Amino acid sequence: AEDELWLNTESKDPNLTPYRFEQMMDRLEKITVCTLDDAKALVKRNEVSQDVFDYWVSKRLKTVSYFNLF
C-alpha cells in the first residue's frame with residue numbers, strides 16, 4: 001500500500017508503470033546484502049530509476065531506524 005501510494009503521488013516519472021516499479025524494487029531488494037555502491041550501479045546502468053532508488057533508500061532508512069530502537 002505504501003509503495004502504491006508513493007508510485008501514484010510522488011514518483012517523478014509519469015511513464016513508470018506499476019510493473020516496472022515492482023521490477024526495480026525487487027532488483028534493489030535482492031541486492032540488500034551488497035554495498036550502497038552496488039545499488040547505485042543499478043541506477044547508472046538504468047536498471048533502476050533515480051527516484052525509485054531514492055524512495056527505496058528512504059524506506060530502508062526507516063526500517064533501520066525502527067530496528068535501532070530495540
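This is a short chat about salt bridges in a predicted model.

Trainee: Before we dig in, what are the ground rules here?

Mentor: It's a predicted model, where local features need pLDDT (the predictor's confidence in each residue, from 0 to 100) of at least 70, side-chain atom pairs count only at pLDDT 80 or more, and totals for chains, interfaces and linings use all residues. Residues are numbered from 1 along each chain as its sequence is written, and side-chain values use heavy atoms, leaving out hydrogens and water.

Trainee: Where is confidence lowest and where is it highest?

Mentor: Helix H4 (residues 50-68) is lowest at a mean of 76, while helix H1 (residues 2-9) is highest at 90. Helices here are DSSP runs of H or I, at least four residues, numbered from the N terminus. The chain's mean pLDDT is 81.

Trainee: OK, how many salt bridges are there?

Mentor: The whole structure has 3, counting a side-chain nitrogen of Lys or Arg within 4 Å of a carboxyl oxygen of Asp or Glu.

Trainee: What does aspartate 3 pair with?

Mentor: Lysine 59, with the closest N and O atoms 2.7 Å apart. Aspartate 3 is in helix H1 and lysine 59 in helix H4, so the pair ties together parts 56 residues apart in sequence.

Trainee: Are those two buried or exposed?

Mentor: Both are buried, meaning under 20% relative accessible area; exposed is over 50% and partly exposed in between (1.4 Å probe, protein chains only).

Trainee: Switching topic, which residues does glutamate 47 bridge to?

Mentor: Arginine 27 and arginine 45, each at 2.7 Å. Shared partners join Arg27, Arg45 and Glu47 into one network.

Trainee: And how accessible is arginine 45?

Mentor: Partly exposed, at 48% relative accessibility.

Note on methods. Helix = DSSP H or I, 4+ residues; strand = E, 2+ residues; numbered from the N terminus.
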